[in-house]
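The following exercises concern helix packing, enclosed space and charge pairs. Each task is followed by a worked solution.

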Amino acid sequence: GSIAVRVGIFQCAAGGLDQPQRLARLAGHLKGRNLDLVVCPELFMSGYNAGETLPQVAESREGPFSRQVADLATKHETSIVYGYPELADGLIYNSAVCVDADGNILANQRKMLLPPGFESEVFTKGADQALFDLNGIRCAILICYDAEFPENFRAAALAGAQMIIVPTALLEKWQSVSLQMMPTRAFENGVWVIYANHAGEESGMSFLGSSCIVSPDGTDAARAGSAEELLEAEIDLDQIKLARSRLPYLDDVRKLQQKS
């Protein structure tokens, strides 16, 4: 039979909240749910617009916050992806980690491209794109700006990714990224896209919300409003087969690259 998993996005309005409060919010939304994966936004652990505090709260991928998330994951029997400032060898990366339902770290992705603004002052660029298997689905993580490059999405899809997870911090003024670009990325690659944004205000920044779970035909399986919520949808691998048999972009793009 086809593989189907329940995926949730925790679109949190956690501006000004500390780590225990953020975890408590997440725990509250997980109660009574039956999910296989929950995706939290970019820099969920610290807050995105956290300025000088980012280096102070940065921790290793196996740090205390990671262990607390692992406890939640095992308690609620779900994998969790969340963004955090990662401290490694004295450098700080804008990273996202996937903790599985047994509390193990499956993948750690560092943001490869840093957009204009404060990020390039705080963070070091990451290099590699990690692929990993989650409940029988091949996954990749692209953080915010990285997902806005068709090259990154295409590379992940060509490497076998079937679901691309995007923790993000998208402001109100960039709504076309969520409403147009992410559905297009899903459609042109025949992949599921899980786009997890913040909601509300944080230190004068207004986030769009509008997190979405987009199917491989480019249509929304679920889309959030502007307030905090836990969005969910069922991911079905058969829809990837259908989309790719109808429009074989990933096969045909290789023909473009072959010399005649």
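**Cavities**

The lining of the second largest cavity divides into 5 nonpolar, 1 polar and 1 charged residues. Here Ala, Val, Leu, Ile, Met, Phe, Trp, Tyr, Cys and Pro count as nonpolar, Asp, Glu, Lys and Arg as charged, and the others, Gly among them, as polar. The model is predicted: local features need pLDDT of at least 70, side-chain atom pairs count only at pLDDT 80 or more, and totals for chains, interfaces and linings use all residues. Residues are numbered from 1 along each chain as its sequence is written, and side-chain values use heavy atoms, with hydrogens and water left out.

**Exercise 1.** State which residues line the second largest cavity, then treat the largest cavity likewise.

*Solution.* Step one: on a 1 Å grid over the protein atoms alone, a cavity is a set of points where a 1.4 Å probe fits but cannot get out; a pocket is an open set with protein on both sides within 12 Å along at least five of seven lines; lining residues have an atom within 4 Å of a point. Grid points are joined across faces, edges and corners, and a volume is the space filled by probe spheres set on the points.

Step two: the count is 2 cavities of 30 Å³ or more. The second largest holds about 30 Å³, and Val5, Asp36, Leu37, Leu134, Asn135, Ile137 and Met163 line it.

Step three: the largest cavity holds about 40 Å³. Its lining includes Cys12, Arg22, Tyr48, His198 and Phe207, and divides into 5 nonpolar, 3 polar and 3 charged residues.

**Exercise 2.** Describe the volume and lining of the largest pocket.

*Solution.* The volume is about 390 Å³. Of the 16 lining residues, Tyr48, Pro115, Pro116, Ala169 and Trp174 lie nearest the centre of the pocket. By class, the lining has 12 nonpolar, 1 polar and 3 charged residues.

**Exercise 3.** Determine how α1 and α3 are oriented relative to each other.

*Solution.* Step one: helices (H or I, at least four residues) and strands (E, at least two) are DSSP runs, numbered from the N terminus. Axes are lines fitted to C-alpha atoms, for helices over the stretch in contact, and angles run from 0 to 180 degrees between N-to-C directions.

Step two: the axes of α1 and α3 (residues 64-76) are 11 Å apart, at an angle of about 10 degrees. The two helices are therefore roughly parallel (angles under 35 degrees count as such, over 145 as roughly antiparallel, 65 to 115 as roughly perpendicular and the rest as oblique).

Step three: the contact (heavy atoms within 4.5 Å) includes Leu23 and Leu26 of α1 and Phe65 and Leu72 of α3. Its residues comprise 7 nonpolar, 3 polar and no charged.

**Exercise 4.** Which residue forms a salt bridge with arginine 25?

*Solution.* A salt bridge is a side-chain nitrogen of Lys or Arg within 4 Å of a carboxyl oxygen of Asp or Glu. The partner is glutamate 228, with the closest N and O atoms 2.9 Å apart. Glutamate 228 lies in the loop between β13 (220-223) and β14 (229-236), and arginine 25 in helix α1 (residues 19-30), 203 residues apart.
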